[in-house]
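Trainee: I would like to go through this model and test each label against its criterion.
Mentor: Good. Ask, and we will reason from the values.

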Amino acid sequence: MRIRRLSTFFWATCIVVFILILYVMTDLSFKLPSIKPAMVELDDNKWSSFESKLRHIENELNQHHVMVGEIKDTMDQIAEQSQEYHPPQKRPKKLFKEGKQKDYKVVGDEPPRMHIKFNMSTCPIQQTKSKTDVQMLSMYESITFEDRDGGVWKQGWNIEYKDNQWSQKNKLKVFIVPHSHNDPGWIKTFENYYKAQTKAIFTNMVEKLPEGKGRKFIWAETSYLSLWWNSDATEKEKATFQNLLKSGQIEIVTGGWVMNDEANSHWLGIVQQLTTGHQWLIDNLGYIPKNAWAIDPFGHSSAQPYLLKLTGFENSIIQRVHYRVKKELALNRQLEFKWRQLWDGSGATDMFTHMMPFYSYDVPHSCGPDPKICCQFDFKRLPGNGITCPWGVAPRKIIPKNVEERAGLILDQWRKKAQLYRSNVLLFPLGDDFRYDRSNEWDNQYQNYDMLIDFINANDDWNAEVQFGTLNDYFKALHEEVKMSDFPVLSGDFFTYADRNQHYWSGYYTSRPFYKSMDRVLLSYVRAAEIITSQAVSSRSVTYIVSLQLRDRVEQARRALALFQHHDAVAGTARDDVMLDYANKMLTAIKYCQSAIQQAAYYLLKQPPIQDQTQEDIYFDVDDIWRKNNELPTRITIALDVMSPSRRLVFYNALVFRRHEVVTVLVSTPHVEVFDPDGNPMMAQISPVVAGERRLGFVSNKFQLSFPVTIDPLALTTYTVSLRDSMSINKYTSYSRVRIYNADYWTVDLPKMFAIDQPTARLSNDVTIQAGNSSRVLATMNGLVKAIVSPDGRTTPVHMDFVQYDTQKGQDNNSGAYLFIPDGPAQPLKTDAFPEIVITEGPYKATLYSALISPKNAEIILAVSVYNNPSLPQSEVEICNTLLIDPQVDDLELAMRFSTNINNGDVFYTDVNGMQMIKRRYMEKLPLQANFYPLPAAAYIEDGSTRFTVLTSTPLGMAALQPGQIEVMQDRRLSRDDNRGMNQGVLDNVRTRHTFKIIVENANNPCPPPLSAGSGQLSLGAHVSQQQQLQPLLALHYTANENEPRPAYSRALYGAADLVLAAFPSHVSAESKDGKILHGMGITFQRVHLDTCYGNRAINKWYPVGEGQFQLSDLVDVPAERVLRGSLSHSRAGPPAPAALALCPMEVRSLFLNVTLQH
Ligand SMILES: [Zn+2]
């Protein structure tokens, strides 16, 4: 017996040595064909000969691998049989690999690392020379928010002017700008609006505009234009449209796919929607918009002007701003200003902005201060057209007999409006929602205004010059008259919007949160699909045909995401059926992305390229299953048995820095083990799956498998999950300890390896959870977080609560999809005593589940988790709320509240579209609802020693109503309409899940002084967590087989943690300086500016920050001279740009890679 064992051991050792040699050879030989597959100008013959050589080598290697695999299997069997003598060949690794990156590099040799010398002091963020005239937070602090009756201009004052203000040399120049505001979905779906109204607007446009040379029109929404162009426009109509565009009679303004929401949208989503619109325009019309037009988003963000600036816009128009702010700016003639980023001390980011002064963008509130008069000049409202003037005086047709009186009347309004601005150039928008759909409206507006224009222009004494115009006409005349330096500088943003009374539009920050969360999921998919597609295309892993197919699928998905950025879509302010229509489109888009991602991943892993690629090929299953458009997604359960004993998991990291995370997948059996990409067994944790909608329970035959992974930037890395012999000694797998409280009726049926503690007594004390060396959470007997103990032992009280609001129920005074009008402060959400609580704890992950049931109010399954992740040694806790407001309740808004002893006074910070942080203050003088702000991604409060940060997976509303507090809305159910046109309440609530990360950080001394009074920055740790939350690791599953791809793909990227790869589309068009249309790839980077005061400095070791430097050649093979300056939507190409990037903090830089992709 003993001899047999010894000889087994001997042979096993021999085989091990043999395998090791083979492995070394294999690894080396992978590097042999170091062919650089340049994308352009590669001699095809040379390429194919290389290719065939490569294929030959690959075939040999594959055979080699099969053999190695067989030997290894035999070896494993032998090793298993001789367990007691045979130590494991490879030690389980430490949690995460540290030190030098493993070289999986496939193509090209690593370029020498260069450090670009650049002078940081030239960055806008470093400068202080330029001052701001209007700072919005300061204005909020100084003004009183009284709502005095201003007379005909209710929210303003009685405007007066002197007749001699104008002369023959100094005329009032009026530009009448006809427009039609077309929501891509609101009361009707996008397609139904198109069929019912928008199609006719285009048809009439090309018929009616040519009737007069002076006739002008502006158009904003490219989604509609493209639908008409591609489905209904005749060749003749297209030609006419093109001519009108060339002659300047039509101007396309902004030209995004939609007019995006500015509160909930993520800036990366806004970039996608601008790109979608602009790429369509350049491809189909050769057109690039110059002036922006955002008249309906419900409040305006300070990220938007920066994005417009980066896109190349020259001027911009906004409208929905708090009436009191409008009045203040109007009083000081500051409605036209240079909108500057909070952190910019140089003026480099200035975007010239015109703010409309009155209540609305409709005609009654656009010609001047008196809506009763202006309404008479909306000739759609001529009697008999089905729409009237609510002020009781109808328009009159202009005829020679009344033209003098009528012209005098409107000129008086124009002159009054001009008093609010610094120039004698006046903008008068002439339009409304879905206007100009009937041919007689075109006749009525243009013909009547022609009469007025002719009369006024002929009447020299009136010193006025009136014409139809576009925004371009208006701004050109304005800038000719007033120097840019004569306009004030403004910084800050315009939230929270109120249009009248105390009607603050802070409800829509939270309305329809299920779909808001779906928006972020889709955003992460579109980005991942776009980036991995570009990687596959640029590395020549795909055939040309497949590259186009991938592009088309990504483009389809991008359009669904772009559509949802519309200000009634992600805002949650469309009717129920329209929301479902958006959700259907997003669901399809997620599937398109998953299809593209798994294919691109396979092509990258499979070298040389496989020739018979087709669009339908499914190589991997993406571990995120979306079945319905209003149902939470599920995960794949990896089913392992003797027939199918092992599964491969390919992780894709779509970030440009290396990430270290604890991942969790579901497996069908607790007897599993995990192997890293090199085949080393890894430590892993198995926990039972806790689920349930109202009551908790263990799911049978399903377990969580958690283990740490390290994935390089933009890399694919394969781990293996295998069935383990349940009888063999278990060295690498830990089973969670399980505690169950208040679960009186449960019979727990879990495999015996889980240590179960189920006290019979009710839980009456605090409980704690911890995973290995993670932060420790102290929770109340309800499972709510009470305090966080950092890995180094510091305790910070953080009290978590749920609260609820009811609505005022007055006539025209209640909460609805847009408005939040609570009837008073929040009340605690009363939940059943002794909720069911389950705690699972192991070396990597610990979770506390609590079923918080509040009968007739809401039910929340709370999951509080901590992870043992040494790369983020900060006090970080994940909170996952799966919630449903009771369908029987009429009006309820549910919020989660954290209370700390942080001494922040009334100051707090929120993010702006996930792009930057802005300082805000709680203001007692404002009503509760005015103190709610958008929370697209992050918020924090701080004092001299501690900072408390909340990151959110879903854009929601937030407030900081008391010192030390952060409150985040979760969902809202409202039975009434709030009179903003939607004509319904919000009653379509579905079970929704939000994931938050809360982080406690201590200050390091000394803290550098704050950069500017109005902005803030996340710490490195919070930024890393936020990026990982926004762009989760993608897990792709496949069954191990003999023809499997390489275990990893990466290029030796040295991306720093403060760099964000914002966009990387594989096929874009751009116009060069000399007017040529070029085709190639686009790429956009952002360098964030991080706070260096708070947080554990050890994080820097794991997530090094660079100096905004990036070698483009690390990512893509492109000749240096083909790297050109680009614009954010990639439709402009400038002069050559350095391929070695050095970005200023807060800089966003776009490049156009002038490479043709034809094979
Ligand atoms: Zn709208």
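**Labels and their grounds**

Mentor: This is a predicted model. Its secondary structure comes to 19 helices and 52 strands.

Trainee: How many of the residues count as buried?
Mentor: Of the 1159 residues of the protein, 64% are buried. The label requires under 20% relative accessible area.

Trainee: What share of the contacts links residues 24 or more positions apart?
Mentor: Such pairs make up 77% of the contacts with a separation of 6 or more.

Trainee: And what does the protein expose?
Mentor: About 42,500 Å², with 51% of that supplied by carbon and sulfur atoms.

Trainee: How many disulfides does the structure hold?
Mentor: Three.

Trainee: What makes Cys123 and Cys1144 a disulfide?
Mentor: Their sulfur atoms are 2.0 Å apart. The cut-off is within 2.5 Å, so the pair qualifies.

Trainee: What does the link of Cys123 and Cys1144 tie together?
Mentor: Cys123 lies in the loop between α2 (44–81) and β1. Cys1144 lies in the loop between β51 (1140–1142) and β52 (1148–1153). The pair therefore ties together parts that are 1021 residues apart in sequence.

Trainee: Which hand does the link of Cys123 and Cys1144 have?
Mentor: The angle about the S-S bond is -80 degrees, and the link is left-handed.

Trainee: Why is Cys123 called buried?
Mentor: Its relative accessible area is 0%. Buried means under 20%, so Cys123 meets the criterion. Cys1144, at 10% relative accessibility, counts as buried too.

Trainee: How do you know that Cys367 and Cys374 form a disulfide?
Mentor: Their sulfur atoms are 2.0 Å apart. That is within 2.5 Å, so the label holds. The link of Cys367 and Cys374 is left-handed, with -90 degrees about the S-S bond. Cys367 and Cys374 are both buried.

Trainee: Why is the disulfide of Cys375 and Cys389 called left-handed?
Mentor: The torsion about its S-S bond is about -100 degrees, so the disulfide is left-handed. Both cysteines lie in the loop between α10 (371–374) and α11 (403–418), so the pair ties together parts that are 14 residues apart in sequence. The S to S distance is 2.0 Å.

Trainee: Are Cys375 and Cys389 buried or exposed?
Mentor: Cys375 is at 0% relative accessibility and counts as buried. Cys389 is at 9%, so it is buried as well.

Trainee: What about Cys880?
Mentor: Cys880 has a relative accessible area of 14%. The limit is under 20%, so Cys880 is buried. Cys593, at 0% relative accessibility, also counts as buried.

Trainee: What makes α17 mostly covered?
Mentor: Helix α17 spans residues 1020–1030, and eleven of its eleven residues are buried. Among them are Leu1020, His1023, Val1024 and Leu1030.

Trainee: Now the open sheet. In which order do its six strands run?
Mentor: The order is β1-β11-β7-β8-β6-β5, with mixed pairing.

Trainee: Why do β1 and β5 each have one side without a neighbour in the sheet?
Mentor: β1 (134–135) and β5 (291–294) stand at the edges. Each has a single partner strand, so one side of each is left without a neighbour in the sheet.

Trainee: How do you know that β5 and β6 pair?
Mentor: Pairing needs at least two bridges. Four bridges join β5 to β6 (residues 315–318), so the two strands pair. They run parallel. Asn291 stands opposite Asn315 in β6.

How values were computed. Residues are numbered from 1 along each chain as its sequence is written. This is a predicted model: local features need pLDDT of at least 70, side-chain atom pairs count only at pLDDT 80 or more; totals for chains, interfaces and linings use all residues. Side-chain values use heavy atoms; hydrogens and water are left out. Buried means under 20% relative accessible area, exposed over 50%, partly exposed in between (1.4 Å probe, protein chains only). Contact means heavy atoms within 4.5 Å. Accessible areas come from the Shrake-Rupley method with a 1.4 Å probe; for residues, only the protein chains shown count as cover.
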